[in-house]
Amino acid sequence: MSSARAEQKQQTRMALMEAARSLMDSGRGFGSLSLREVTRLAGIVPTGFYRHFRDMDELGLALVAEVGETFRATIRAVRQNEFELGGMIEASSDIFLAAVSANRGQFLFLAREQYGGSQPVRQALGALRQRITDDLSNDLQLMNRMPELDKPALDVIADLVVKTVFATLPELIDPPASDLPLHLRPESKIAEQLRFIMIGGKHWRGLSKHASTTSST
């Protein structure tokens, strides 16, 4: 395949993905989209779809892979801030919020489809969330800011952090009510929730110590 033809194929593939995101931007779930309306918006004939994806689920998985790359690149930026600059939670939150704002369509897809109608997409997003959780747990271990906690305990904290971020995504994407108090706005709330988790983690006795204390009472 010539480079020009390969580039054209990639552009068409991206146009199909963009068309799906545009349709979802109006409030639709991915599972409600039809192949015909996606191809119509992308400007290709329906049969042309199959040169790029086997079916709509495969298109959904491509969207998962795309937002996964963006999400993990954002986490790498947060990691650099934490390791190299000793960044505070506010700075790390700002990096994440900027990424959500710059890639709204991708994160809107993630926010909605983690509980959406397509099982393959839900499972892929669940696997992505677990990879992000594993990365964060490893980072927490390297940072060694909670030296009293073992790896299983750090896994629990990482899981709580990532699930908090995923759960807050819909609020970050859709504008809040204008009269919402500042401390309840999603941008402020996510920073405070993460601070609560991290401070609590520093004072937590861990899983094994908690279990031994419970069994002795």
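The exercises below, each with a worked solution, concern a predicted model of one protein chain.

**Exercise 1. The overall fold**

Determine how many helices and strands the protein chain has, and describe the pattern they follow along the sequence.

Solution. Begin by counting the elements: the protein chain holds 9 helices and 0 strands. Then read along the sequence, where the pattern is α-α-α-α-α-α-α-α-α. Next, consider the extent of the chain, whose C-alpha atoms fill a box of roughly 65 × 45 × 40 Å along the principal axes. Finally, look at how contacts are spread over the sequence: among those between residues at least 6 apart, 64% join residues at least 24 apart.

**Exercise 2. Surface and charge**

Work out what share of the residues of the protein chain counts as buried, and describe its accessible surface and its charges.

Solution. The protein chain has 217 residues, and 39% of them count as buried. The accessible surface comes to about 12,100 Å², and carbon and sulfur atoms account for 55% of this area. For the charges, take the 26 positive and the 26 negative ones as two groups; the mean positions of these groups are 5 Å apart.

**Exercise 3. The largest nonpolar core**

Find out which residues have the most contacts inside the largest nonpolar core, and which helix gives the most to this core.

Solution. The general background is that nonpolar side chains tend to be buried together in soluble globular proteins. In this model the largest nonpolar core has 53 residues, and Phe-30 and Leu-59 are those with the most contacts inside it. Each of the helices α1 (3–25), α2 (35–42), α3 (56–85), α4 (89–102), α5 (104–113), α6 (119–143), α7 (151–173) and α8 (186–203) supplies at least two residues of this core. The most comes from α7, which gives 11 residues. As a last step, follow the contacts of Phe-30 while leaving aside its neighbours within four places in sequence: the partners are Met-24, Met-56, Leu-59, Gly-60, Leu-63, Phe-109, Glu-113, Ser-118 and Val-121.

**Exercise 4. Three single residues**

Decide for Ser-93, Asn-144 and Pro-175 whether each is buried, partly exposed or exposed, and locate each one in the chain.

Solution. Ser-93 lies in helix α4, and because its relative accessible area is 7%, which is under the 20% limit, Ser-93 is buried. Apart from neighbours within four places in sequence, Ser-93 is in contact with Ala-191 and Leu-194.

Asn-144 is found in the loop between α6 and α7, and because its relative accessibility of 48% falls between 20% and 50%, Asn-144 counts as partly exposed. The backbone of Asn-144 also deserves attention, since this residue, which is not a glycine, has a positive phi near 55°.

Pro-175 is found in the loop between α7 and α8, and because its relative accessible area of 73% is over 50%, Pro-175 is exposed. Although 70 residues separate Pro-175 from Gly-105 in sequence, their C-alpha atoms are 14 Å apart in space.

**Exercise 5. Annotated spans**

State which residues UniProt lists for "domain: HTH tetR-type" and for "DNA-binding region", and describe the helix content of each span.

Solution. According to the unreviewed UniProt entry, "domain: HTH tetR-type" takes in residues 10–71. This span is 65% helix and 0% strand, and its end C-alpha atoms lie 22 Å apart. The unreviewed entry also carries the annotation "DNA-binding region", which covers residues 34–53. Over residues 34–53 the chain is 40% helix and 0% strand, with the end C-alpha atoms 13 Å apart.

How values were computed: Residues are numbered from 1 along each chain as its sequence is written. This is a predicted model: local features need pLDDT of at least 70, side-chain atom pairs count only at pLDDT 80 or more; totals for chains, interfaces and linings use all residues. Side-chain values use heavy atoms; hydrogens and water are left out. A nonpolar core is a set of buried Ala, Val, Leu, Ile, Met, Phe, Trp, Tyr and Cys residues joined through side-chain atoms within 4.5 Å. Buried means under 20% relative accessible area, exposed over 50%, partly exposed in between (1.4 Å probe, protein chains only). Helices (H or I, at least four residues) and strands (E, at least two) are DSSP runs, numbered from the N terminus. Contact means heavy atoms within 4.5 Å. UniProt positions are given in the numbering used here, feature names are shortened, and annotations may be inferred rather than shown by experiment. Accessible areas come from the Shrake-Rupley method with a 1.4 Å probe; for residues, only the protein chains shown count as cover. Lys and Arg count as positive and Asp and Glu as negative; His and the chain ends are not counted. The place of a charge is taken as NZ of Lys, CZ of Arg, CG of Asp or CD of Glu.
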